Amino acid sequence: YLQADLYSGRLNIDRASDLLAEFFISLNKDSDLYPGVQQGDNGQTITLGGVDRDGNNAINDLTFLCLQASRDVSMIDPKINLRISADTDLNILSLATELTRKGLGFPQYSNDDVVIPALVAHGYSLEDARDYAVAACWEFIIPGKGMDVVNIGAVSFPSAVDTAIRQGFSNGDGMTGILRRVRTDINAQVNHLAADYEKLLLPPAPFLSVLMSDCLEQGKDLSSGAKYNNFGIHGAGPANAADALAAVQKLTFEDASIKPDQLLTALDDNFQGWESLQQQLLDDAPKVGNDDERADRFLVMLFDMLADACENYGVTSKGGILRPGSGSAMYYVWLTQGFEGMREPLVGATAEGRQKGQPLGANLSPSQGVQIRGPFSVLLSFAKLDYARICNGGPITIEISDSVFRDQESIEKVAMLVRAFAQQGCQQLQINSMNVDTLLDARIHPENHKNLIVRVWGWSGYFCELSPEYQDQIIARHIYSIN
């Protein structure tokens with residue numbers, strides 16, 4: 001449509017940019033249509049870039065115009081998802097980084113080199129996999145052909161690990177026995193979540209059905225199913241859980257510097273009176289995010305266990321499969337503080353040194369409060385995952401100080417970090433620009449920061465409208481610099 005209007009002379013490029021900007025502004029006027037959610041958590045996303053159904057490069061003039069419009073409008077909708085690959089041109093990555101510089105919390109990047117083969121491995125045709133879009137947060141869907149329910153809940157990795165450590169210590173298990181218990185717990189959580197959806201009934205949606213492929217031709221409503229009818233389950237808190245296993249392996253079984261009964265008592269006491277032991281867990285044990293194999297191998301194990309459990313479940317009542325993923329959504333708070341109607345297990349203090357009630361790391365990110373070498377070491381840790389098996393989406397989440405974006409050279413360095421993400425074979429990436437001093441001042445003087453935008457999980461919102469527990473988690477996230 002853009003090419004036709006430009007060719008006919010009905011539009012010039014400036015007028016096209018203005019129309020896009022007006023359209024994007026209009027998407028921010030509908031908060032009253034989403035009762036019960038905060039502004040921004042509404043699923044209004046747009047997927048750009050990538051390849052078309054034939055595998056050809058789909059980045060074009062409209063891709064650039066959309067990124068420019070989003071940058072210039074600087075509002076929370078629509079959330080931009082940019083499909084890239086290892087050889088995506090730095091010009092578009094630099095333009096995308098200008099959005100990040102604005103503090104919008106997007107674009108979110110998806111790596112076609114990883115996502116498309118993973119979808120094919122899970123039963124999607126190659127042409128459909130090339131046509132994927134990103135759902136409300138980060139899950140992959142096929143427009144017009146998928147009735148996937150992409151988030152039916154999350155497996156709490158920290159709960160599985162904490163339960164296994166407690167039971168294992170009580171029964172005199174070694175590390176092998178504890179890991180066996182972790183696997184059993186993860187399998188039970190997956191089965192429990194899936195069983196709750198075996199009798200899922202979807203209401204008829206005739207108007208939406210018109211927009212789906214084959215519904216009119218087959219004379220059926222999409223509520224009875226589409227070409228793809230899979231369920232998505234995420235693994236939440238992976239870094240915290242892997243760090244806990246690494247701490248037990250090193251400090252209890254290898255160094256024997258923390259005895260099992262000491263650790264169990266410290267966990268029960270929420271580390272009150274055990275501050276030196278807690279500090280030992282925090283300082284002396286390996287941590288995910290530092291490209292440390294001693295911790296990263298447990299990270300890989302956890303997601304392999306989740307993939308095994310989903311694959312072993314088999315076909316659901318909807319005729320689909322369970323797709324495991326690596327996003328945490330709101331679970332980084334819910335799994336530690338609880339929520340009404342909660343089905344997932346609540347976890348208290350955990351063996352990596354986290355106290356009861358403290359949030360987990362969001363998505364694929366290091367545990368909060370951990371000393372990390374830098375953003376590239378974070379990519380290297382999470383690049384070790386087998387994304388071909390966990391194709392439900394979930395981004396590596398990195399916070400970068402807003403002081404990094406000081407000139408064009410710095411913007412290009414961040415763009416090169418995005419390219420490195422794709423070259424390392426990672427699946428998804430969120431880079432967020434933050435200023436902690438601004439966030440702290442916004443807590444005290446919200447009237448001065450009404451337009452302050454942050455990435456919450458799979459969506460961006462106004463910081464001052466967030467609940468205090470999410471504000472706290474965002475303030476505590478890791479912030480990196482790039483030299």
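These are my notebook entries on a few things I looked up in this predicted model.

**Entry 1: the sheet**

I started with the strands. Three of them, in the order β6-β7-β8, make an open sheet with parallel pairing. A reminder to myself: strands in a sheet pair through backbone hydrogen bonds, and the pairing can be parallel or antiparallel.

Which strands stand at the edges? They are β6 (154–156) and β8 (322–325); each has a single partner strand, so one side of each has no neighbour in the sheet. I also looked up the twist, and from one strand to the next it averages 25°.

**Entry 2: β7 next to β8**

Next I zoomed in on one pair. Strand β7 covers residues 231–236, and its parallel pairing with β8 runs over 4 bridges. I found two of the partners by name. G232 has R323 in β8 as its bridge partner, and H234 sits opposite G325 of β8.

Then I wondered about the faces of β8: are the residues there buried or exposed? Both faces turn out to be covered. L322 and P324 are buried on one side, and R323 and G325 are buried on the other. So I can note that R323, the partner of G232, is buried because its relative accessible area is under 20%.

**Entry 3: cysteines**

I went hunting for disulfides, and the search of the whole structure gave 0. For the record, a disulfide is a covalent bond joining the sulfur atoms of two cysteines.

Why does C137 have no such bond? The closest cysteine sulfur belongs to C391 and is 16 Å from the sulfur of C137, which is too far for a bond. The cut-off used here is 2.5 Å between the sulfur atoms.

I checked how covered two cysteines are. C137 is buried, at 13% relative accessible area, while C464 is partly exposed, at 26%.

**Entry 4: a greasy spot outside**

On the surface I found a nonpolar patch formed by L208, V210, L211 and L216. Together these residues have about 420 Å² of accessible area. I picked L208 for a second look. It belongs to helix α9, residues 206–210, and L208 is partly exposed, with a relative accessible area of 43%.

**Entry 5: T184**

Last stop: helix α8, which spans residues 175–196 and contains T184. Is T184 buried or exposed? T184 is exposed, with a relative accessible area of 52%; the cut-off for that word is over 50%.

I also looked up a distance from here. T184 and N290 are 106 residues apart along the chain, and their C-alpha atoms are separated by 28 Å.

Note on methods:
Residues are numbered from 1 along each chain as its sequence is written. This is a predicted model: local features need pLDDT of at least 70, side-chain atom pairs count only at pLDDT 80 or more; totals for chains, interfaces and linings use all residues. Side-chain values use heavy atoms; hydrogens and water are left out. Buried means under 20% relative accessible area, exposed over 50%, partly exposed in between (1.4 Å probe, protein chains only). Patches are made of residues with over 30% relative accessible area and no salt bridge: like charges are joined within 9 Å, nonpolar side chains (Val, Leu, Ile, Met, Phe, Trp, Tyr) within 5 Å. Accessible areas come from the Shrake-Rupley method with a 1.4 Å probe; for residues, only the protein chains shown count as cover. A salt bridge is a side-chain nitrogen of Lys or Arg within 4 Å of a carboxyl oxygen of Asp or Glu. Helices (H or I, at least four residues) and strands (E, at least two) are DSSP runs, numbered from the N terminus. Two strands pair if DSSP finds at least two bridges between them. Axes are lines fitted to C-alpha atoms, for helices over the stretch in contact, and angles run from 0 to 180 degrees between N-to-C directions.
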